[in-house]
Amino acid sequence: MKASKNAPPAFSWQAWYDGLGGRSINIPEVEAILHKIYHEQFPQFEGAIASQKIEFESPKAAAKHIKEKAKELNADIVGICKIEPSDIYRGRSISEKYAIAVGARMKYRHFQTVPSEASAIECVRIYHQLGETVITLAKYIRSLGYSCEIEHPIGDSNLLHIPIGLKAGFGELGRHGSIIHPKLGPLFRMGSVATSIPMDIDHPIDAGIAAFCDICRACRKYCPAKAIPDERSKEGGKDHLGNDRYLVDTGKCFPYFKKYNYCSACLPVCVYNHKEWARDFDGFKTKKFPEVIFEEPPSPFDEVPKEEKHFYPKVKR
Ligand code: SF4
Ligand code: SF4
């Protein structure tokens with residue numbers, strides 16, 4: 001299946017970094033995790049498919065089985081959706097029909113001060129953990145006799161993670177541009193495995209989250225780079241509920257994000273976080289509200305031509 005003509009180009013992180021003088025976050029733990037992702041996980045994307053195919057009783061049984069397996073492999077949330085051409089980056093293609101979306105919670109305790117080295121490490125730690133989940137799930141699917149493709153959470157994937165997550169029922173799109181899950185809030189990351197096992201699919205949800213964003217402005221207030229908008233934009237495409245999207249100004253966000261430990265301030269301040277002071281069973285003490293450090297924002301940078309901007313397409317219900 002090919003991308004639709006209107007699909008956005010894949011986000012070119014390298015072009016952004018190059019335009020801003022290269023990566024400037026240099027934290028040994030982050031570098032060690034990134035090294036593991038690129039040198040240990042990426043070579044495991046391909047694998048042999050068992051010659052004998054296991055048939056499931058029904059698409060419902062297949063979905064249940066695969067979801068249970070993903071949970072066993074450390075996914076906190078799992079959803080399934082059909083892949084449409086608008087979910088594929090322009091210039092890319094994918095040969096599978098369904099995406100099994102998996103999400104894992106980031107720990108609020110590491111986001112109590114943002115931006116910080118602790119929050120930067122937690123961001124890449126969860127990419128690695130979810131990388132293990134998608135790689136092991138893909139190996140399992142191949143052992144059942146089915147082909148599959150891995151969409152690693154760190155990026156350079158064929159699929160757009162956000163439309164896939166919305167269609168798989170992970171939550172609603174927040175003002176800060178991240179999906180908000182009704183229980184996990186926005187402090188989670190996601191990846192997926194694409195396969196053609198016939199499976200029942202999930203559906204987008206309307207839990208009133210997008211509507212609440214229209215009256216809450218916490219992330220906008222605490223964004224140190226003033227990149228989060230006041231109003232929805234007619235130019236940024238629609239969310240799955242048909243709302244105009246809030247369009248985060250990446251020209252302001254990215255220079256800040258790149259300079260100050262991947263920033264992430266908009267995530268822990270979001271009121272939809274279920275803070276760990278109420279649920280940290282390890283007994284780890286956390287604050288009720290994070291401390292946001294407002295460093296001097298770097299100059300805005302936006303060299304990306306309008307037609308190449310990374311807008312998400314409208315997600316059909
Ligand atoms: S990551 Fe930081 S700079 Fe970017 S939108 Fe979120 S709060 Fe603003
Ligand atoms: S902080 Fe408020 S406005 Fe921002 S995404 Fe969360 S709920 Fe929406």
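**Figure 1. The shell around ligand 2 has nine nonpolar, two polar and two charged residues.** Welcome to the first close-up of this predicted model. Of the 13 residues that surround ligand 2, the nearest are G174, C213, C216, C219 and C270. Two elements each give two or more residues to this shell, namely α6 (209-213) and α7 (218-222).

**Figure 2. Ligand 1 sits among 14 residues.** Here the closest residues are C223, A225, C253, C263 and C266. Sorted by class, the shell around ligand 1 holds 12 nonpolar and two polar residues, with no charged ones.

**Figure 3. Helices α2 and α4 come within 9 Å of each other, axis to axis.** Helix α2 covers residues 28-41, while helix α4 covers residues 117-143. How do the two axes cross, and at what angle? They cross at roughly 20°. Because angles under 35 degrees count as roughly parallel, α2 is roughly parallel to α4. The crossing in which α2 passes α4 is left-handed. From α2, the contact is made by E29, V30, I33, L34, K36, I37 and Q41. Facing them, α4 brings A120, I121, V124, R125, Y127, H128, G131 and I135 to the contact. By class, the contact of α2 with α4 comprises nine nonpolar, three polar and three charged residues. If you are wondering about the spacing of these positions, an α-helix has 3.6 residues a turn, so residues three or four places apart point the same way.

**Figure 4. Helix α4 has the span expected from its length.** At 1.5 Å a residue, the 27 residues of α4 should span 39 Å, and the C-alpha atoms at its ends are indeed 39 Å apart, so the two values agree. Just after α4 comes G145, where phi is positive at about 100°.

**Figure 5. A cis peptide bond links V114 to P115.** Omega of this bond is near -10°. Where does P115 lie? P115 is in the loop between β3 (113-114) and α4, the helix of the two previous views.

**Figure 6. N74 is a residue other than glycine with a positive phi.** The phi value of N74 is near 80°. As for its setting, N74 belongs to the loop that runs between α3 (59-72) and β1 (77-82).

Terms used. Residues are numbered from 1 along each chain as its sequence is written. Chains are lettered from A and ligands numbered from 1 in the order in which they are written. This is a predicted model: local features need pLDDT of at least 70, side-chain atom pairs count only at pLDDT 80 or more; totals for chains, interfaces and linings use all residues. Axes are lines fitted to C-alpha atoms, for helices over the stretch in contact, and angles run from 0 to 180 degrees between N-to-C directions. Helices (H or I, at least four residues) and strands (E, at least two) are DSSP runs, numbered from the N terminus. Angles under 35 degrees count as roughly parallel, over 145 as roughly antiparallel, 65 to 115 as roughly perpendicular and the rest as oblique. A crossing is left-handed if the near helix is turned anticlockwise from the far one by less than a right angle, and right-handed if clockwise. Two residues are in contact if their C-beta atoms, placed from the backbone, lie within 7 Å. Ala, Val, Leu, Ile, Met, Phe, Trp, Tyr, Cys and Pro count as nonpolar, Asp, Glu, Lys and Arg as charged, and the others, Gly among them, as polar. A residue is near a molecule or strand if its C-beta atom, placed from the backbone, lies within 6 Å of it. The expected span of a helix is 1.5 Å times one less than its number of residues.
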